[in-house]
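Colleague: I'd love a close look at one single part of this model, and I'm new at this. Please take me slowly through the place that you'd pick.

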There are 2 protein chains.
Amino acid sequence: MKKLIMCAGLLLLPMLSNAQEQRSDDYVEYRQAAFNAMGWHFKKMGAMIQGRIPYDAAEFKRRATAVSVLSKLPGEGFIDETKNTELPTRLKSEMWYQQERFDQYMQNLIKATAELASKAGAEDKDDLRSTYGNTARQCKSCHDRFRESS
Amino acid sequence: MKKLIMCAGLLLLPMLSNAQEQRSDDYVEYRQAAFNAMGWHFKKMGAMIQGRIPYDAAEFKRRATAVSVLSKLPGEGFIDETKNTELPTRLKSEMWYQQERFDQYMQNLIKATAELASKAGAEDKDDLRSTYGNTARQCKSCHDRFRESS
């Protein structure tokens with residue numbers, strides 16, 4: 001009987017490992033989704049700042065608030081189990097050896113987007129230009145160091 | 001000279017059409033990203049409600065707040081230009097003929113997630129069970145009608 005249970009246990013192994021793989025891929029897809037949604041709103045704000053679409057204070061505020069909330073989300077997707085994912089990812093492997101620096105970048109982003117959200121709503125978009133620029137710099141610092149260029 | 005300009009114009013056409021296609025696909029990817037991130041947090045809350053992971057009031061609140069903000073995001077991704085996307089999508093085509101109903105589902109979701117976020121933080125997870133369940137029903141109503149089963 002014991003042998004039978006052990007055999008059944010062994011038969012389950014590939015299933016568990018599949019489930020686990022699925023799970024770590026979910027983390028990758030989740031963090032990419034959070035970055036996608038963040039980038040979406042950030043680019044729309046950029047288009048307003050640069051005059052490619054009309055500036056709308058309320059819309060800018062709505063997007064800045066979304067970005068501020070979204071900036072806190074992707075962090076939890078970077079778990080060790082995703083190191084060897086086979087999903088397409090632009091994350092450079094050195095991130096796994098410089099996690100303190102990575103976390104610092106994340107914190108800088110969260111701080112910058114909170115500031116942008118709090119200033120958003122201004123009637124004059126020129127009042128937002130430098131805060132928007134500072135946020136963009138936080139994105140770029142991290143991309144330059146930890147994201148493969150496409 | 002006029003002819004030359006016209007020719008140049010024609011040469012540009014495929015480029016413009018590519019750019020436009022790219023743009024409408026961005027909408028599809030964006031709305032899917034917003035739903036992915038929403039589902040992520042919603043499932044983690046479900047795991048707490050169902051006792052599969054320990055209940056943590058602060059974490060539940062953080063996730064419920066995220067879901068409430070996220071629920072307002074995907075709506076803008078459903079533009080007419082995405083009707084014929086070649087990206088994989090589970091959106092049923094009948095949504096395009098029942099947009100009023102779809103919008104109503106979206107509004108119901110936004111309302112339910114706001115209520116969940118405002119109740120979240122309760123010490124006893126049983127106080128959240130029915131509000132969580134109501135939110136899940138809003139997800140399901142829309143999925144049943146407008147999402148292909150996978």
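Modeller: A polar contact is a pair of N or O atoms within 3.5 Å; within protein, one must be able to donate a hydrogen and the other to accept it, and residues adjacent in sequence count only if both atoms are side-chain atoms. This is a predicted model, where local features need pLDDT of at least 70 and side-chain atom pairs 80 or more, while totals for chains, interfaces and linings use all residues. Residues are numbered from 1 along each chain as written, chains are lettered from A and ligands numbered from 1 in written order, and side-chain values use heavy atoms, without hydrogens or water.

Let's go to the interface of chain B and chain A. Between these two chains, eight residue pairs are in polar contact, both residues of each pair being at pLDDT 80 or more. Look at the side of chain B that touches chain A: helix 1 and helix 2 of chain B each give it at least two residues. (Helices are DSSP runs of H or I with at least four residues, and strands are E runs of at least two, numbered from the N terminus.) The largest share of that side comes from helix 1 of chain B, with 10 residues.

How many residues of each chain are in contact across the interface? There are 17 from chain B and 17 from chain A, where contact means heavy atoms within 4.5 Å. Together the two chains bury about 1,500 Å², and 66% of that is on carbon and sulfur atoms. Buried area is what two parts lose in accessible area (1.4 Å probe) when put together, summed over both. Three residues deserve a look of their own: Y30(B), W40(B) and E76(B) supply 37% of the area that chain B buries against chain A, more than any other three residues.

Charged side chains meet here too. The rule finds four salt bridges across the interface of chain B and chain A; each needs a side-chain nitrogen of Lys or Arg within 4 Å of a carboxyl oxygen of Asp or Glu. One of them has E76(A) meeting R63(B), with 3.0 Å from N to O. Swap the chain letters and you get another salt bridge, between E76(B) and R63(A), whose closest N and O atoms are 2.9 Å apart. That pair joins two chains, because E76(B) sits in the loop between helix 2 and helix 3 of chain B, whereas R63(A) belongs to helix 2 of chain A.

Are those two partners buried or exposed? E76(B) is partly exposed, since its relative accessible area is 23%. R63(A), on the other hand, counts as buried, at 4% relative accessibility. (Buried is under 20% relative accessible area, exposed is over 50%, and partly exposed is in between, with a 1.4 Å probe and protein chains only.)

For comparison, step away from the interface. Over all chains, the count comes to 12 salt bridges. Among them is K119(A) with E115(A), where the closest N and O atoms are 3.6 Å apart. Both residues are in helix 3 of chain A, and because they are four residues apart, about one helical turn separates them. K119(A) is partly exposed at 42%, and E115(A) is partly exposed at 35%. In chain B you can find D126(B) with R129(B), at 2.8 Å between the closest N and O atoms. Here D126(B) is partly exposed at 44% relative accessibility, and R129(B) is partly exposed at 39%. Back at our interface, E59(A), R62(A), R63(A) and E76(B) are joined into one network by salt bridges that share partners.

One more stop in chain B, for a different kind of spot. T85(B) is in the loop between helix 2 (57-70) and helix 3 (99-119) of chain B. This threonine counts as buried because its relative accessible area is 16%. A polar atom of the T85(B) side chain lies 3.1 Å from the backbone nitrogen of L87(B). If you leave aside neighbours within four places in sequence, T85(B) is in contact with D25(B) and V28(B). Try M45(B) the same way: leaving aside neighbours within four places, M45(B) is in contact with F60(B), R63(B), A64(B), V67(B), L116(B) and Y132(B). You've already met R63(B) in that list, as the salt-bridge partner of E76(A).
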